[in-house]
Structure formats: structure tokens, C-alpha cells
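These are my notes from a session with one model, kept in the order in which I looked things up. I began with a pair of strands and worked outwards from there.

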Amino acid sequence: MKTVFLSIILSFCTVLGLAQTIRRVNNTPGLNDPSVYATAQAAHDAATDGDIIQLEPSDNPNYGDITITKKLTIYGTGYDLANTPNTSFDKRHPKLGYVYFENGSKNSSMMGVEATNISVYDENVTVSRCKMSNLYCGRAGQILNGVYSEGTNMTCTQNYVYSIYGNNANDPSIKSTILNNVITGYLNYFSQSIISNNIFYVNDGNTLSIIKNSVFTNNILDARRMSAGTKIITDYVLTANNTISNNLCTSINGLPTGGGNVNSANALLIFKVANPWNDTFYDANLQLATNSPAQKVGAGSTPIGIFAGNSPYVLSGVPNIPVITTLITTGSGSTATFLYRDWE
């Protein structure tokens, strides 16, 4: 028993850090602990730089909008948890509305959160394993110490998102992300970016329209809804010092020739599910079929897409922090707070 307990504590401290205070967000009636807050913004306002905000399940886990002006780490429990293979997880995943990483949020991170929109207005912000409609990266609306901040060096990885836009935002890293919407998926207005191992569900001629000085590689562009002759990469992108290599486009010739790019692949042969974008969409459906053409498009005949690369997509965005899925107690004990007790 002691070994298991110590393992959990040490893992938790390694991930979260010993000097940080955890601010719990849970609106369940009757929780009167001063470290528990009913909204994400209330937890933020009580926090100091370096703290952790933990969004917890509840019967109505909608925790509102949040404007972040401090260096914080924010964890949820993932999204679409009804589909997760681990049936022990609580399926009531928390949600946020509009999230703003404003001036002062430099080096913050968010993981395992479903939000309406996320906007990044400061440096070195990481958004991972999240689900949102739009991810925006640009200049802050607030002045701090006489200057504006900008969302440079943003990291977007393992997310599920409709569109990603940038403005005055250089050096982003966009990896292992699903860009999916019934209408279109956009990735626009970025410079000096690395865009790799993503999947685009394409339905517009301007899917990639204003990107320069960037690397676009190991991506899958599913263009099964597009008509022949449609350009999904604009002439601007093709002439703006971008490296476009080892990508696959289904159904049409949407990619430049050469560089290991593959065009007009049969869309029905790419994924384990022939049409993964139907009304019962589940991210696991985007795993590559055993004999998929995308299995050998990468350099050295390696797989491409969200489940390949050095930061593969995680189903339902479950964060990599310790989780208690089953707890058995004796039914007796004390409510007193303790730091540690050694026992066998």
C-alpha cells in the first residue's frame, strides 16, 4: 500500500511541481472548502504566478469565460469522454467558454479542456489536448509595463479544432491536431511556423492561404468533398518561402508536385473507418488503415498524420496527470489535514 501511495504522490509532484498551489474549480453544491471555486475566473483571480487550476467534473461543469493575466497551468479531464476506452473515467467533463491568454500569461499552459474559443496574446503559451471551435493567436488588447504582448512561439499540439488564425504571431508549432468542420477548416496568417502531422478535413479553396517562411510536412488533407481542379493551397503560400513536403491529399491534386507529396489518394482507403467524418464522429476513427497510403508518405517511408510523429494525438484529450478512477475507504477517519503518514 505504501509503495503505491508514494508512487502516486511522487508522480503528481513531478508533473505539477512542489511549489505550486492547486486551485480547484467545482460548482457542486455544498463544497465550502476555500480552495474550491465555482468559476474558472474566480480561481484565476485568487491564484498567483505558477499556480495550477484544476477543472473538475460536476453535474453542470460549465465554468464560464476566463481571462488569464498570470503564468498558470490549467488542467481539465479531456473531452468526448463517453467515447474513451477507459470506462472508469467520469464522463462529466468540464467546459469553458471564451479563453484569453492575455498580457502577463507568458509561459502558461492548458491541457485537457473543452472551450468555445481560445485566444493567445502572450509568448510561449502551450495549448494541448483541447477541443475548441477556434484558436486565435495575435496581439494583446492590454498594455503591461508600457508594452503590448504578442502570441509568438505558441505551441498547439494534439488538439481538435475548427480553425487556427494568426496575426502578428511568429514561430508557432502546430502538431498532431485535427482541423475539422462540416463547412471548412482553416490555417491562416502564420510565419516561421512548423505545421506537421495534422489532419485537415478540407472544404474550401483557401484552407492554407497566408502562410510564409514555414514548414508544412507529414499532414493529411482529406479533400473528398472538393471538386477536381480546386486549389486548397493558394499561390501566395506556394511562393512565400514555405517548405511543403511529405504530405498526402485525397481525391484531388491539392499539393505541389515533388517533395514526397502524394496527390489524389483514394479517400476511402486512408483511415480505419472509410468515412470518419459522419454524424457519429469519434477521433479514433482517424487512425490509419493497415494498408493506408499514408503509412509510407513520411521520410524513410514512415506514417504521417496525427498518430505519428513525436507528439502523437491522445484520444479524447485525456491529460497526462495522475487520475484516481477507483477509491475504496474504510468509512471512518478524520477530516483533519495531514501532509504525509508512513504506513504499511
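Which residue is the bridge partner of L96 in β8? I looked this up in the model, which is a predicted one, and found that the partner of L96 in β8 is A115.

**Entry 1, strands around β6.** I then asked how the two strands as wholes are joined, and noted six bridges between β6 and strand β8, the latter covering residues 114-120, with the two running parallel. Turning to strand β4, which spans residues 66-68, I found that three bridges join it to β6 (residues 95-101), and that this pair also runs parallel. Within that pairing I recorded I66 as standing opposite V99 in β6.

**Entry 2, V125.** Next I followed the chain past β8 to V125, which I located in the loop between β8 and β9, the latter being residues 126-128. Is V125 buried or exposed? I noted a relative accessibility of 0%, and because buried means under 20% relative accessible area, V125 counts as buried. Leaving aside residues up to four places away in sequence, I listed what V125 touches: F101, S105, S108, V120, N153, M154 and T155. I also looked up N107, which is 18 residues from V125 in sequence, while the C-alpha atoms of the two are 5.1 Å apart in space.

**Entry 3, the chain as a whole.** Stepping back, I counted its secondary structure as three helices and 24 strands. The chain has 344 residues, of which I found 48% to count as buried. I put its accessible surface at about 16200 Å², with 52% of that belonging to carbon and sulfur atoms. Of the contacts with a separation of 6 or more, I noted that 50% come from residues 24 or more positions apart.

**Entry 4, confidence.** Before closing, I checked how far the model itself is trusted by its predictor, and recorded a mean pLDDT of 84 for the chain, with 84% of its residues at 70 or more. Which elements have the lowest and the highest mean pLDDT? Helix α1, residues 2-16, has the lowest at 42, whereas β6 has the highest at 98. Over residues 1-17 I saw that pLDDT stays under 50, although the model has 22 contacts beyond four places in sequence for them. Residues 338-344 are likewise below 50, and I noted nine contacts in the model for this stretch beyond near neighbours in sequence. I add a caution to myself that predicted coordinates should not be read in detail where pLDDT is low.

Terms used
Residues numbered from 1 in each chain as written. Predicted model: local features only at pLDDT ≥ 70, side-chain atom pairs only at ≥ 80, totals over all residues. Heavy atoms only, no water. Pairing = 2+ DSSP bridges. Helix = DSSP H or I, 4+ residues; strand = E, 2+ residues; numbered from the N terminus. Buried < 20%, exposed > 50% of the residue type's maximum accessible area, 1.4 Å probe, protein only. Contact = heavy atoms within 4.5 Å. Areas by Shrake-Rupley, 256 points an atom, 1.4 Å probe, with all protein chains shown as cover. pLDDT = per-residue confidence, 0-100.
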